[in-house]
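I sat down with this one and kept a short notebook as I went. Here are my entries, in the order in which I looked things up.

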Protein chains: 2
Amino acid sequence: MGTSLNRVEEEDYSSYTNSSDFISISLEDNNNTTKTATSTSKSSSELHPVCLPPHVTTWQKLNHRLREIFFPDDPLHIFKDQSWRRKLVLAFQYVFPILRWAPHYSLSLFRSDLIAGLTIASLAIPQGISYAKLANLQPIIGLYSSFVPPIVYSVLGSSRHIGIGPVSVASLVMGTMLDGEVSHSNKKDLYLELAFTSTLFAGLFQASLGIFRLGFIIDFLSKATLIGFMAGAAVIVSLQQLKGLLGITHFTSDMELIPVLESVFNSIKEWKWETIVMGFCFLIFLLVARFISTRKPRLFWVSAAAPLTSVILSSLLIFLLKSKLKHVSIIGHLPKGVNPTSENKLYFHGPHLQLAIKTGIITGILSLTEGIAVGRTFASLHNYQVDGNKEMIAIGFMNIVGCCFSCYVTTGSFSRSAVNYNAGAKTIFSNIVMAATVLVTLLFLMPLFHYTPDFVLAAIIITAVVGLVDYKAALRLWKLDKLDFVACCCSFFGVLFISVQIGLAIAVGVSVFKIILHVTRPNTVVLGNIPGTQIFRSLNHYENATRVPSFLILSIESPIFFANSLYLQERISRWVRGEENRIRENNESALKCVILDMTAVTAIDTSGIDAISELKKNMDKRSLQLALVNLVGTVMEKLHQSKTLDSFRSKGLYLTVGEAVDDLSSSWKHWP
Amino acid sequence: MGTSLNRVEEEDYSSYTNSSDFISISLEDNNNTTKTATSTSKSSSELHPVCLPPHVTTWQKLNHRLREIFFPDDPLHIFKDQSWRRKLVLAFQYVFPILRWAPHYSLSLFRSDLIAGLTIASLAIPQGISYAKLANLQPIIGLYSSFVPPIVYSVLGSSRHIGIGPVSVASLVMGTMLDGEVSHSNKKDLYLELAFTSTLFAGLFQASLGIFRLGFIIDFLSKATLIGFMAGAAVIVSLQQLKGLLGITHFTSDMELIPVLESVFNSIKEWKWETIVMGFCFLIFLLVARFISTRKPRLFWVSAAAPLTSVILSSLLIFLLKSKLKHVSIIGHLPKGVNPTSENKLYFHGPHLQLAIKTGIITGILSLTEGIAVGRTFASLHNYQVDGNKEMIAIGFMNIVGCCFSCYVTTGSFSRSAVNYNAGAKTIFSNIVMAATVLVTLLFLMPLFHYTPDFVLAAIIITAVVGLVDYKAALRLWKLDKLDFVACCCSFFGVLFISVQIGLAIAVGVSVFKIILHVTRPNTVVLGNIPGTQIFRSLNHYENATRVPSFLILSIESPIFFANSLYLQERISRWVRGEENRIRENNESALKCVILDMTAVTAIDTSGIDAISELKKNMDKRSLQLALVNLVGTVMEKLHQSKTLDSFRSKGLYLTVGEAVDDLSSSWKHWP
């Protein structure tokens, strides 16, 4: 019977080489003749055919791959099987999500949105003024930026709980990058032009990422690196605020830790005690308010109202004591009126264009990361979908429009969105309420900010960025994934000691290196049989798994690429050497066969193919059989095309490890 | 019985949370009560426990990882269980592999090596002269480089068939890079100093890669990119040789296609017909000789002897007709004598140091790649091991010593090694024979090369580099792996149209991008049951696999990293949506459970962990069960540490897909 089995296999094999789409190893039932020492579960000792995947043309493959890269979420699925009229409505709703909820808008929704809108406005006004200062811009630009962009987003955006406005990290990065080349104090007009131009480029970059469906690029700023980056930026921003809190007049515009600290301690003579006392009082007040709100989310309004309260109180204080507190630096005169247009202030020719583009791209990607993360967080809390690429287009357009109306880079802000959500916002209409409130402020209330002192703005900024230092998340990284923690530390120290751009680059580099490292040195695991089953699992992991005599069963835990093909060859040889030594020491039966479980080998390239055929030759020289188990479709196809599978004829390809062990050991029984 | 089963599971689960090293899902035998519509093989319906891998400390993990990165081949295994004296002997043999074979050297081995050595010498002498010209060095430097380095390698190297000497690509790159900054014709001495200094840095770089066991870095120059790079370099080199073949005197030193072609056709007036006629005659002679040898490997000596024959014939011709052929450019006077020392010609201070370092590193890595590949190729033909890192140290030292004896960058050359091998070399002693022959030439025969014409050197170079255009290999890439082919084309056109360095950088970039792309957009595959078994395989691949009603079984074919965690979440949602639509259309039984086969998820990072818990929440909201099957040890450990596994309590973790399907569908039977 054994001979006939062998013949059947060879016939089947030749049929495969002829038809080249079916590799049948054996279709015959071996019944009880295949009883081996190793496998105890005998009911399914029948071998199942290993076949090639159906043929797919290169064009189909390319099409599939491109779809997976650019349209993984199949954005057109909503249009499927709809009438033309319905398709048109859906398309309009897709482009302008406002059309989805506006028709069903009700009074009760409006009541919630009104309260939420007024609450975030009370936060947005002092934040806008402070963040504009962080970007070395006049405070009024921060208010302009809290008026136009939220309105644009309301029409185009699909998040319901986001709060739009300038954010600390993007403001800081823009401020540092531009000020490094063009001084904001000496060349005020040029600086302003560059800020608007950077905003334009940020918007263009964001929108084009969305339009060309390259949104996945922001995924490369992994959470781990962002935690480090944010914390580093927060530390720098806080230290820079010492300028305002200590009342220093001459301060570095550098962003690294060491020059900032030097600046603080070199100008110790400039420190003003009145500013210090008042500044720290308000800082403590704000921090306490923040602490209360983080402890009890119901009291969100405490931290939401605290900044405006501080601004009002401190302005009153300075106004009343203005004769005694002459040295305290204040905002001063602010122009009244709605956003002036600024499309004539865009800078397209000249030596600083490259700087504007670079600043635009970096602030664009940073603000996008924050905006998308905010949108996704609140969407997942309320179980609705936010389409990343769609959001990028909305945020991008918001910045493109914004830069024509004297706004600088804006995005969805964590702090505003949290307040908005807690204040009970139901739709994005709360942002329109906020914009209206800011408009009223711009038209009528600007003179009230004349006496607002700089120290209170510094205190507001510090309170806002303190939340960015997420040490708990960093601890979690340390606990769960040491390499993620290293990436986090790299970006933290990179930002702190080198520069924002290099910190970011290091962070992305470390993240990519992590992937490469995993592929370059993949795990190879020895499998053993779980007694009484046909299941084979790692000997290290499952202590009850036992080695199968005469077999070395290895699972390769990575695709085989040029970067690891040599390593895997060497590593497998070493496993074989180790196994032979172990067998010699324990006087067990000699090694006869190496089985590679290829389940996790999900791709292979030409170097990988060569590695497999080298390995096969190598094993042949050592008179060891080599069997491949559970080849994935694409891998099998490539091995077949390269004729590598030919050398695995009969007794070389199996569907499961169990079948391989059964079949090979039974064949040795027949021909010892 | 069902209730008791449930209780058992919960008890087992609580025992796991207490002891935290064992998650037992169910140990009870369900016997025939678990008969489901789907699984037909009932004998092994017993569930097997899923357990956590044994605890490993961070230090052990780090230790293991570092070992795998730097010592994958376990280089110290030969010292294991040996006496101290034996260890000492082995250590000496390890450092100086000559000690391994020299004691057993015999007359018959010597006879083979002598013939092979004389054969490669006849190739090495004209090649040395030609390649030195390629590097813009005096021809004698090429001969010096064929004398000292082979001797050093013989002592330190472990390959037996390698032929040491200068190689075309490294010579070309060195020539271009140095000449770009320092003209070889105007600043002869400085150029020579920089060449020796680059050689020193190449050697230092190579040796330190080996010493620090970073040899795997050269694996990142994948075969695919090297095929493109070599072909591009060969085209450029061949075109540059038109200078010699056409007898042009004014020629560009640029390396890109366009300036070279411009140079050829702009100087059409300088073309000399005598040079052209003779040059092409010798070129055809050499190409025919090469063709004969590639067709019949037995006739290897035809192509081995052809260059020297050409040199002798052409020199004789020029000598005899020197009155008539005055315009033909010849080598001219060459100094007699053995290598002069050159350690005083090394350049360590000054503006060009950076150039020397850069050139050293690039030529170092290129020549290393060729040398290691040659060593490995012939080692695998004769079934002996070549330790990559060890070889790098040998090649590095050879260059460090070389640069002190007027040699430039050398390595194992493909053409010489092939001739050496075919000529029957048995040990590396053939290189010593070659060195001795070169020594005799240096001492006595140099005047004979006075009349050697440049055109014959050009013809020799072209014949040598023609073999680097491996269009068959490129076709194979196209057939097997389109992305590999793209990488190959990128490096080919990069070298041809931009520059050697940028071409190389593009090639490495494309290769890395390929890995990143695979990880960023991994496959997710729907599995189906192969009738009559407990085996689940891809529905696309195995046409006989059938869907299991109420189940969606997905296999995730990649580790889950930050770069793909969002994609996978979206993609799985889309699979669920698609499956629900399909079920609605076909009126099948509703979807109840999503099973993720995690066999190929060989690693996970913190973003991946978050993705799994998001996914679980998402499925809970849709009232779908989520089960994870066959978690790999490290993944399981991380999910456990992050408490994500807690939400998978009972009915969420299984060892095989079959068991998951059986257990879940039987539990629905009991509580419908």
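**Entry 1: where the chains meet**

I began with the contact, to which chain B gives 70 residues and chain A gives 70 residues. I should say at once that I am working on a predicted model.

I then listed the elements on the side of chain B that touches chain A and give two or more residues to it. They are helix 2 (58-70), helix 10 (223-240), helix 20 (471-480), helix 21 (482-498), helix 22 (500-520), helix 23 (562-586), helix 24 (606-621) and helix 25 (633-641) of chain B. Sorted by class, that side of chain B holds 27 nonpolar, 25 polar and 18 charged residues.

**Entry 2: how the copies are related**

I laid chain B on chain A and got an RMSD of 0.1 Å, with a turn of 180° and a shift of 0.0 Å along the axis. This is the relation of a two-fold axis. The same surface serves both copies, since 100% of the contact residues of chain B recur in chain A.

Which residue of chain B comes closest to the rotation axis? I found B:Ala600, with its C-alpha at 2.0 Å.

**Entry 3: confidence**

I checked the scores before going further. The model has ipTM 0.83 and pTM 0.81. For chain A the average pLDDT is 85, and 93% of the residues score at least 70. I marked residues 1-44 of chain A, where pLDDT stays under 50. For that stretch the model has 67 contacts beyond four places in sequence.

**Entry 4: domains of chain A**

The domain assignment gives three entries for chain A: domain 1 (27-55 + 521-670), domain 2 (60-95) and domain 3 (100-516). I took the centres of domain 1 and domain 3 of chain A over C-alpha atoms and found them separated by 57 Å.

**Entry 5: the sheet of chain A**

I traced an open sheet of 6 strands in chain A, with the order 4-3-5-6-7-8 and mixed pairing. Which strands stand at the edges? They are strand 4 (536-538) and strand 8 (653-654) of chain A; each has a single partner strand, so one side of each is left without a neighbour in the sheet.

Further in, I looked at strand 6 (residues 593-597) and strand 7 (residues 625-629) of chain A, which pair in the parallel sense over 5 bridges. Here A:Cys593 stands opposite A:Gln625 in strand 7 of chain A.

**Entry 6: strand 5 of chain B**

I moved to chain B and picked strand 5 (residues 551-556). Is this strand mostly covered or uncovered? It is mostly covered, with 6 of its 6 residues buried.

In a regular strand the side chains alternate between the two faces of the sheet. So I sorted the residues of strand 5 of chain B by face, and both faces are covered. B:Phe551, B:Ile553 and B:Ser555 are buried on one side, and B:Leu552, B:Leu554 and B:Ile556 are buried on the other.

Next I followed the partners of this strand. Strand 3 (residues 524-529) of chain B runs antiparallel to strand 5 of chain B, and 3 bridges join them. In this pairing B:Thr524 stands opposite B:Ile556. Strand 6 (residues 593-597) of chain B runs parallel to strand 5 of chain B, with 5 bridges between them. There, B:Ser555 stands opposite B:Asp597.

**Entry 7: a buried aspartate in chain A**

I looked up A:Asp113, which has its place in helix 5 (residues 107-134) of chain A. A:Asp113 counts as buried because it has 25 C-beta neighbours inside 10 Å.

What does A:Asp113 contact, leaving aside its neighbours within four places in sequence? I noted A:Ala425, A:Lys426, A:Thr427, A:Phe429, A:Ser430 and A:Val433. By way of a distance, the C-alpha atoms of A:Asp113 and A:Leu90 are separated by 25 Å, and these two are 23 residues apart along the chain.

**Entry 8: two positive phi values in chain B**

Most residues other than glycine have a negative phi. I therefore wrote down B:Asn136, whose phi is positive, near 60°. B:Asn136 lies in the loop between helix 5 (107-134) and helix 6 (139-144) of chain B.

B:Lys643 is not a glycine either, and has a positive phi of about 65°. I found B:Lys643 in the loop between helix 25 and strand 8 (653-654) of chain B.

Is each of them buried or exposed? B:Asn136 counts as buried, with 22 C-beta neighbours inside 10 Å, whereas B:Lys643 counts as exposed, with 11.

Terms used
Residues are numbered from 1 along each chain as its sequence is written. Chains are lettered from A and ligands numbered from 1 in the order in which they are written. This is a predicted model: local features need pLDDT of at least 70, side-chain atom pairs count only at pLDDT 80 or more; totals for chains, interfaces and linings use all residues. Copies are superposed by least squares on the C-alpha atoms of residues with pLDDT of at least 70 in both. Two residues are in contact if their C-beta atoms, placed from the backbone, lie within 7 Å. Two strands pair if DSSP finds at least two bridges between them. Helices (H or I, at least four residues) and strands (E, at least two) are DSSP runs, numbered from the N terminus. Ala, Val, Leu, Ile, Met, Phe, Trp, Tyr, Cys and Pro count as nonpolar, Asp, Glu, Lys and Arg as charged, and the others, Gly among them, as polar. Domain bounds come from an automatic or database domain assignment. pLDDT is the predictor's confidence in each residue, from 0 to 100. A residue is buried if 20 or more other C-beta atoms lie within 10 Å of its own, exposed if 12 or fewer, and partly exposed in between; C-beta atoms are placed from the backbone.
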